[in-house]
Amino acid sequence: MAKQYDVLFRLLLIGDSGVGKTCLLCRFTDNEFHSSHISTIGVDFKMKTIEVDGIKVRIQIWDTAGQERYQTITKQYYRRAQGIFLVYDISSERSYQHIMKWVSDVDEYAPEGVQKILIGNKADEEQKRQVGREQGQQVSGSELANSILRVFRCLPGQVLRAGTQDSVTIIRHPRTSHCSVRHWLAKEYGMDFYETSACTNLNIKESFTRLTELVLQAHRKELDGLRTRASNELALAELEEDEGKPEGPANSSKTCWC
Ligand SMILES: Nc1nc2c(ncn2[C@@H]2O[C@H](COP(=O)(O)OP(=O)(O)OP(=O)(O)O)[C@@H](O)[C@H]2O)c(=O)[nH]1
């Protein structure tokens with residue numbers, strides 16, 4: 001039987017508890033919004049197929065619990081992701097500041113080359129806004145440095161290492177306005193940024209499509225390989241859909257070509 005999609009990707013939603021990860025997912029997959037907050041326990045997932053550049057992409061989206069107590073479990077799902085949404089709530093300065101911690105976890109547990117998008121959710125809550133739109137834009141680039149410095153209470157001249165790979169080394173120079181840090185981080189962590197609302201359906205399709213595009217671009221080579229084979233009348237789809245069969249990290253050996 002012909003496959004209903006060409007490729008399969010795994011995307012992951014991470015961020016503090018209550019920022020709206022589950023609602024973003026429900027809005028995207030089922031066009032639903034739930035006003036109650038029922039905390040996710042561990043991880044959950046939903047599937048949806050979208051078409052990008054003529055390619056039918058089946059995306060498996062993992063919704064992780066934001067609560068600290070599930071972090072050991074949720075971090076095990078990072079390594080199988082090709083794309084990650086880092087979500088904060090625009091009405092919660094705290095959730096925004098914690099983005100740095102989430103970035104650090106991605107750096108530590110996700111595969112190299114994983115695509116990331118920063119999401120400022122609950123954009124409909126204008127009256128409760130604590131995080132300016134520009135802050136979101138900046139955190140996705142150069143301002144991330146300042147967030148790191150705030151979160152880790154870095155002192156001028158101090159060297160800070162974050163992440164096990166020692167890949168984040170911040171040296172704050174009192175007189176250079178930590179320029180080198182800014183540039184380094186902008187390059188390292190430059191992310192696309194969207195303000196969204198699961199409540200009003202703002203930028204939901206756009207952000208999910210964008211992350212899918214980024215993953216496709218990152219795997220262009222493999223994709224071209226699949227296309228060539230398709231033109232030879234071989235099946236383009238290679239993957240077995242594992243819908244309804246959420247796999248743990250221990251038995252996650254199949255499904256994705258990338
Ligand atoms: N106003 C508004 N409320 C939202 C929005 N998205 C989510 N919420 C509300 O925020 C609360 C938490 O949403 P969830 O999606 O359960 O949050 P979560 O990030 O999945 O939380 P955990 O599972 O605990 O990690 C719920 O009461 C939602 O109705 C939004 O875009 N606007």
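Let me start with lysine 101, which sits in helix α4, the element spanning residues 99-109. Please keep in mind throughout that this is a predicted model. Is lysine 101 buried, exposed or partly exposed? It has 15 other C-beta atoms within 10 Å and is therefore partly exposed, since that label covers counts between the 12 or fewer of an exposed residue and the 20 or more of a buried one. Methionine 191 lies 90 residues away from lysine 101 along the chain, and the C-alpha atoms of the two are separated by 15 Å.

Helix α4 brings me to the interior, because it is among the elements that give two or more residues to the largest nonpolar core. That core has 47 residues, and the members that touch the most others are Leu12, Leu13, Ile84, Phe85, Leu86 and Val87. Strand β1, residues 7-15, is also on the list of contributors, as are β4, residues 83-89, and α8, residues 204-218; the largest share, 7 residues, comes from β1. As a general point, nonpolar side chains in soluble globular proteins tend to be buried together.

To take one core member, leucine 13 is in contact, beyond its neighbours within four places in sequence, with residues that include Lys21, Leu24, Leu25, Ile61, Trp62, Phe85 and Val87.

Finally, the ligand. Which residues are closest to the ligand? They are Ser17, Gly20, Thr22, Thr40 and Gly66, out of 23 that surround it. By class, this shell holds 14 polar, 5 nonpolar and 4 charged residues, and its largest share, 3 residues, comes from helix α1, residues 21-30.

Note on methods
Residues numbered from 1 in each chain as written. Predicted model: local features only at pLDDT ≥ 70, side-chain atom pairs only at ≥ 80, totals over all residues. Helix = DSSP H or I, 4+ residues; strand = E, 2+ residues; numbered from the N terminus. Near = placed C-beta within 6 Å. Nonpolar A, V, L, I, M, F, W, Y, C, P; charged D, E, K, R; others polar. Core = buried A, V, L, I, M, F, W, Y, C linked by C-beta atoms within 7 Å. Contact = placed C-beta atoms within 7 Å.
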